Amino acid sequence: MLMTTGDAHQHTAGLKNYLETGEQRILGAGALEVKGVHMDGSSIDLELLVTEVEEGESLVFIGAMRDITQRKQTEEQLMQAQKMEAVGQLSGGIAHDFNNMLGIVIGNLDLIREKIDPDSPLSNYVDSALESALMGAELNRRLLAFSRRQSLQPESLDLVGVVHGMNNLIRSTVGEKIAYEIEAEEEIWPVLADLVQLESSIINIMINARDAMPNGGRLTLTASNKNVDAVYADLQDGLVPGNYVCLSITDAGSGMPANVLEHVFEPFYSTKELGKGTGLGLSMVFGFVKQSGGHLNIYSEVDRGTTVRIYLPCAPDHEIPQHQRAPEEDKDKRLGKRETILVVEDNDSMRQVVVNQLVDLNYAVVEAVDAQEALSIVQSGVHLDLVFSDVVMPGKLDGLGLREALREKRPDLKVLLTSGFVRPTEKGGEGGHQSTSRLNVPILTKPYRKQDLAEALQNIFNE
């Protein structure tokens, strides 16, 4: 049993007007949407259609109502998805250009820092500028994560092991007032994900949970294997059937009302006080999970708490996790042995920074402004040990196209790519999570430090 609300009283008035004057204002041009309320208090969307029927000298009005709640929800989900896609494209484009600017600033500051006396007052100025530039780079990475254009390095990971390994970081993040526990099934499948982004996503969720419990509380992290079938996938917008590991993070905090939940994944949306947050935490998590081929949803009730569920795809054939952190290397071990590197970068300032960094690292350098010039240099017979190229460049060939051309002409020539993001056309189809690292070519994410470049080159040369 239900009662109609909203515009229903207008239709009653229209019927009365018709009976008194003969003026037809019952339904206007077609069916009308009204709100219904079940006796249990829950609301429902209805489509109301009234038809006039003559029975002798009497007029009979037949009304029919159809439940359109599911259709309305689907329409809202589609509109939200389109809005998120538009915002993602905008933020991704801005972040890509910003990456090059930050790369120039950070690269030059690194070079200056090494050439001035550490005791000089100028050293403090450089360190301060470098710190701010790196903060800008982190902000930019979050924008790229939301737009799903960051460069990921997916690998087989033990999710529970990753969480246990973050114990000290989690404790320092949530503080002593909050108790947390980790629950998991006995044999959790390995997941395919980028370790750094996974750890960052967990911490971002932890920060939100901490802020929702200012007086302390309890956090529960639960890991479980999920075989998602088509029926369940249809109930979760954007979830694809398959094998996943679900990480649920539940707090007992203040919770979120429905009007806040509608916007939580949007970049720069925040309910915190000005200066207390960037509004990019959950949007970064959203972008990372989606780019990884996973799914993210949030359930929250005001004054009861929030549960964030991250679904990450199971590693192919349940690979055994192989990740190990590389030990710190001696500075001298990062220096080159006068190998010759062809730098391919269309941005003049960025190319000059890279050249200066490579020279400082004891490499010989040849320059090219685009892929076509790079191919001409390679075909000229100049001795080269490695090509270091940006992915996104003007012209018919980008960095990936250059890599393919070099495979045909010089299959022995080593290649290192760099980019702030992977374009949609380079992914494994719609909803895919393929990155350049999965195309059998190493990639260095912009903006990077000089030591990052040094380590990437040594990894390639020492293979």
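## The cores

A nonpolar core here is a set of buried Ala, Val, Leu, Ile, Met, Phe, Trp, Tyr and Cys residues joined through side-chain atoms within 4.5 Å. In this predicted model, the largest such core has 41 residues, and the members touching the most others are Ile 170, Leu 198, Ile 202 and Leu 219. Helix H6 (residues 195–212) puts in the largest share, with 7 residues. Apart from this core lies another one of 22 residues, and Ile 377, Val 391, Leu 413 and Leu 417 are among them.

Ile 202 is a handy place to start looking around. Setting aside neighbours within four places in sequence, Ile 202 is in contact with Val 163, Met 166, Leu 247 and Ile 249.

## The whole chain

Zooming out, the protein has 13 helices and 16 strands. It runs to 463 residues, and 45% of them count as buried. Take the contacts with a separation of 6 or more: 72% of those come from residues 24 or more positions apart. As for the outside, the accessible surface is about 24,700 Å², with 51% of that belonging to carbon and sulfur atoms.

## Helix H11 and its ends

Which residues of helix H11 (residues 371–379) are buried? They are Ala 371, Ala 374, Leu 375, Ile 377 and Val 378. These sit on the same side of H11, because the arc they cover around the axis is only 160 degrees. That goes with a general point: an α-helix has 3.6 residues a turn, so residues three or four places apart point the same way. The cover over the buried residues of H11 includes strand S12 (340–344), strand S13 (364–368) and helix H12 (399–409). Ile 377 is also one of the residues in the 22-residue core.

Now for the ends. At the N-terminal one, Asp 370 acts as the cap of H11, with a side-chain oxygen 3.3 Å from the backbone nitrogen of Gln 372. Just after H11 comes Gly 381, with a positive phi of about 95 degrees.

## Towards the C-terminal helix

Pro 447 is in the loop between strand S16 (443–445) and H13. Is Pro 447 buried or exposed? It counts as buried, because its relative accessibility is 5%. Its C-alpha is 7.0 Å from that of Asn 100, although the two are 347 residues apart along the chain.

After that loop, H13 (residues 450–461) has 12 residues and spans 17 Å from first C-alpha to last, close to the 16 Å expected at 1.5 Å a residue. Its buried residues are Lys 450, Leu 453, Ala 454, Ala 456, Leu 457, Gln 458, Ile 460 and Phe 461.

Definitions and conventions:
Residues numbered from 1 in each chain as written. Predicted model: local features only at pLDDT ≥ 70, side-chain atom pairs only at ≥ 80, totals over all residues. Heavy atoms only, no water. Helix = DSSP H or I, 4+ residues; strand = E, 2+ residues; numbered from the N terminus. Buried < 20%, exposed > 50% of the residue type's maximum accessible area, 1.4 Å probe, protein only. Contact = heavy atoms within 4.5 Å. Areas by Shrake-Rupley, 256 points an atom, 1.4 Å probe, with all protein chains shown as cover. Expected span 1.5 Å × (residues − 1). Arc of directions from axis to C-beta. Polar contact = N/O pair within 3.5 Å; in protein donor to acceptor, adjacent residues only side chain to side chain.
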